[in-house]
Amino acid sequence: MSAGEAAGAARAAGDRRGPGAAPLALHAVLIAGAALTVAPILWMVSASLMSPGEANTAPPPLLPGRATLEHFRELFTHLDLARAFANSLLVSVLGTLCVLFTSSLAGYAFAKLPFPGREGLFRFLLTAMLVPAQVGMLPLFLMLKQLGLVNSYAGVLVPWLASVFGIFLVRQVALAIPQDLLDSARLDGAGEGRIYTSIVLPLLAPVLATLAVFVFMSSWNDFLWPLVVLSDERLYTLPVALASLMGEHVQDTELMMAGSVVTVLPVLLVFVVLQRWYIRGVMAGSVKG
Amino acid sequence: MRLARGLAGPGLAALVLVFGACAPRGGGQDGGVRLRMWAMGREGEVVGELAREFEREHPGVRVEVQQIPWSAAHEKLLTAHVGGSLPDVGQLGNSWIAEFGALRALEPLDPMLAASGLDRDDYFGGIWDTNVLEGETLGLPWYVDTRLLFYRRDLLERAGVMRMPETWAEWRAALAAVQRRGGPGRYGVFLPTNEWMLPVVLGLQSGSPLLADGGTRGAFREPEFRRAFEFYLGLFREGLAPTLGIQEIANKYQELERGTFAMMVTGPWELGEFARRLPDSLQGAWATAPLPGPDGPGLSFAGGSSLVLFRGSRHPEAAWRLMEFLSRPEQQVRFWRLTGDLPARRAAWADPALGADPRTRAFGEQLQRTAPCPMVPEWEEIATRIWEQADRAIRGATPPDSALAELDRTVDRLLEKRRWLAARRVARGPSS
Amino acid sequence: MSGPLAGRQARAGLVFALPSVVLILVFFFGPVLWGLWLSLTDFDLYAIGDPSTVRFVGLGNYARALESGEFWNALRVTLLYAFVGAPISVAVSLAAALLVDSRLARWKPFFRAVYFAPVVTTLVAVAIVWRYLYQPQYGLVNAFLGRLGVPAVDWLGDPHWALPAILVLAVWKNFGYNLLIFVAGLQAVPRELHEAAALDGAGGWQRFRHVTLPALAPVSLFVSVTTLINYFQLFAEPYVMTQGGPLRSTTSLVLYMYEQGFRWWRLGFAASLAFLLFALILAATLVQLRLQARRGGGGARA
């Protein structure tokens, strides 16, 4: 991939001859596309700063007449969105740590530690990727009810304790670890645990970083499961809190936009800062098949 | 506990604060009682204030109110019941009492009622009945709700309508006058196409029982309901009401202000909302009036909310005290002042403020003429089917006859288990 | 390798894999099997209050679903959405990838990031934003179209336009994901093939059809299958924006299942819907794999 990219860049730099219209047209289209893609997000931010009722006028304004932070104030004081934010943070961080822990161990095991039935078990686990999550949702809810975990952080975390996708991703990378490295460590007398922590983990670090970003984003954005499991509003995660806000305040456009800003901006920031890892994960999960 | 955070990114401090601040359920103070209450809509916003006074009278008891939007309340309550996380005290629309009773989610109140001073005759007849299921009282009426016309007098007068309509025919004529005067893009009345109240009320006015055979079959194909259905559809066909669902209007108060329509059919909580959301210039222009019926002043919906004590509450004593407190006439009047919701107790209506306001008087008048919905556990689902079929007929996707036939078929299917249970009960004898 | 070292590795392997496997078995496969059992009963609201009212109905739920107009409506909505939406989404991603990856394009990382941004946003939040964008009088969409002379449309209120409107949102939100995958795929196409074709006198379009597309075959397959599976599971957008309306024109299978299961608590019936959906996804995936295998001659990788 990097060789192709480098070659492409070199060619782009060198190929400056040719009619000037084509690149201009191309960039015009690209920029227009970018503008259309980003427009809803920009409007969301703009509307969140408008005065109440301003967004519901025809023709719709693009910019606030006088920017105001009152909706954000309302969200964080009266409507306590900060708590939902903290809940989302807690659940996402804990979920990410859990998935990293279980998937790195299992992914390595499925790649490099032969045990009876390993391949069959792995293929069986893979079938889970075909079953839509909703199939097990109702019975899982009933199961958690028996365990008394409904309406608790633990209940929300249950889907984020282990992940077949995580195992798949880690295994993919672990397969590439040179066998001799592990064998010579064994011959030197190192235990499996030591081998894992001092040799394997460092080599898995990049894919774990990628997996971490993936899981964090997915759990942050998860909607249906927390919606079903949580009834106490003090435990709501952001998407559920936002949907609940919608129930009462659907006519307060600007307030809802502020709520969306609070939900979307953090993830966007995380993405902008960590995009390299995230993008790598997307490509890794696909091109190698 | 408020976390005054900005929009900054994650940090360890957040984790520490969160772990400290959020103890999962049961984090009570030493020896103190923590009562949880769920309330919907505006009531949810306001009941906390009343609860503060309750807390002053009962030191050691803390009341935590959670507000739930009406649109999600039914789902949330059922989910919480299945998940075992219902609160101690709740607000339930009285059309849901049958359902939650069948689920055995509600604690019968008769023993507590006998010991208290509450007298059922002090409550509006018909309203109390909606809380009694198979001889057990499952809810304490909190406020009564009925639907009537909210309208802008100035727009009606400008269209030449000087007297409020009392029959369906007069109503249609009044709306036509307003619509003519307003012109294109203007309507007479806003009737959200995805709400079931109006078709049901019109059916009740027309004499339809809605469900037949002891609530085990649909009666929508019968002539009584048909008549009401035709009248309802006619309002849309003639352009007197816009074909819009409740969420397709950005803000109905703004539209009323702009004159997009001149009337709405809605309930007492809007008294407070209108006062808050309409501009001062219009505060003198709006009024309420009882619903017109087929041949004269008509019935309306015997609705309202009740306070219920959920089975499985760990503090039934304290919960009952709270329910009693909220039923005191002074508290009912205070609640009315904050929300516009009408007290369920006649003693509260003795307060001069309630009698003085003409807008509230219209409610008092309508409350003399009410009828309840069928008290079956499947009612919420049946009601949804009613407006769905009505919506199809309004938009011309189905002819009215087919819509009603389909409705009957669907309702019959929904009630299948109820029929089976009834038959099983008969077969097993009275002891089952 | 055999002997004590192998035994030790095997033990370690089991111990390492155990947490994941147990969790997945208990919290995923377990409920799925329970769901299968539920789908054979008429477990509903009455049963929650009084378990003795549960009846075993065998395939009764499945039969009822297949006879129910609502099920066929949900199926129609889902199939329409998936088989129209997924190809559009894939095509848009491919087109955008070709543009972004073109030799002439500069600032590639910037464009990639911008096009990818909607993917990471929270669906509920952007569904709410788009709901306001689609507002007939006050929304930007109609305002923008009005400038182009197109008359206003009641996007979310018109049974014919609600599903397309949701589709636009879905494409906007997800095309960046497939774009990245396509870009990776495009960059893996060897330069020499393009140059050889150009030497043979092939123009841009022909090179696309005969060099790029075939080389992209495995990536295209992956993208198509995953996008299709994704689109079959449509839920949050109609839930937030239209509640399945107007006239149930946006009630997808998952939304229908949610209604039956979590609104009306017909758990038995809802479970049968879930399995019907599963069967549908499985069938569609297998068909697509088979088609591709026949066309690409085994070039596809699982």
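How many residues of chain C are in contact with chain B, and how many of chain B with chain C? On the chain C side there are 16 residues, and on the chain B side there are 20. This is a predicted model, and the report below walks through its contacts, domains, confidence and core.

**Where chain C meets chain B**

Two helices of chain C each supply at least two residues of the side that touches chain B: H2 (45–49) and H13 (253–263). The largest share, four residues, comes from H2(C). By class, this side of chain C has nine nonpolar, five polar and two charged residues.

**Where chain A meets chain C**

Next comes the contact of chain A with chain C. Chain A gives 85 residues to it, and chain C gives 84. Helix H13 (residues 253–287) of chain A brings the largest share of the chain A side, 15 residues. That side of chain A holds 62 nonpolar, 17 polar and six charged residues.

**Inside chain B**

The domain assignment splits chain B into two domains. Domain 1 covers 33–144 + 302–366, and domain 2 covers 148–301 + 374–421. Taken over C-alpha atoms, the centres of these two domains of chain B are separated by 27 Å. Their contact takes 20 residues from domain 1 of chain B and 18 residues from domain 2 of chain B.

Which helices give two or more residues to the domain 1 side of that contact? They are H2 (41–57), H4 (97–102) and H16 (358–366) of chain B. H16(B) provides the largest share, five residues. The domain 1 side has seven nonpolar, eight polar and five charged residues.

The table sets out the classes for the three sides described so far.

| Side | Nonpolar | Polar | Charged |
|---|---|---|---|
| Chain C, touching chain B | nine residues | five residues | two residues |
| Chain A, touching chain C | 62 residues | 17 residues | six residues |
| Domain 1 of chain B, touching domain 2 of chain B | seven residues | eight residues | five residues |

**Confidence in chain B**

The mean pLDDT of chain B is 86, and 92% of its residues reach 70 or more. Among the elements of chain B, helix H9 (residues 223–237) has the highest mean pLDDT, 95. Helix H1 (residues 12–21) of chain B has the lowest, 37. Over residues 1–30 of chain B, pLDDT stays under 50. For that stretch the model has 23 contacts beyond four places in sequence.

**A helix in the open**

Helix H19 (residues 416–428) of chain B has 13 residues. From its first C-alpha to its last, H19(B) reaches 18 Å, close to the 18 Å expected at 1.5 Å a residue. Is H19(B) largely in the open or buried? The number of buried residues among its 13 is zero, so H19(B) lies largely in the open. Just after H19(B), B:Gly429 takes a positive phi of about 95°.

**An exposed proline**

A:Pro59 sits in the loop between helix H2 (21–48) and helix H3 (70–76) of chain A. Why does A:Pro59 count as exposed? A residue is exposed if 12 or fewer other C-beta atoms lie within 10 Å of its own. A:Pro59 has 12 other C-beta atoms within 10 Å, so A:Pro59 is exposed. Its C-alpha atom is 32 Å from that of A:Asn221, which lies 162 residues apart from A:Pro59 along the chain.

**The nonpolar core**

The largest nonpolar core has 309 residues. The members that touch the most others are B:Val189, C:Val124, C:Ala127, C:Leu179 and C:Leu273. Leaving aside neighbours within four places in sequence, C:Val124 is in contact with A:Phe223, A:Pro239, A:Leu242, A:Ala243, C:Ala236 and C:Val240.

Definitions and conventions:
Residues numbered from 1 in each chain as written. Chains lettered and ligands numbered in written order. Predicted model: local features only at pLDDT ≥ 70, side-chain atom pairs only at ≥ 80, totals over all residues. Contact = placed C-beta atoms within 7 Å. Nonpolar A, V, L, I, M, F, W, Y, C, P; charged D, E, K, R; others polar. Domains from an automatic or database assignment. Buried ≥ 20, exposed ≤ 12 C-beta atoms within 10 Å, placed from the backbone. pLDDT = per-residue confidence, 0-100. Core = buried A, V, L, I, M, F, W, Y, C linked by C-beta atoms within 7 Å. Expected span 1.5 Å × (residues − 1).
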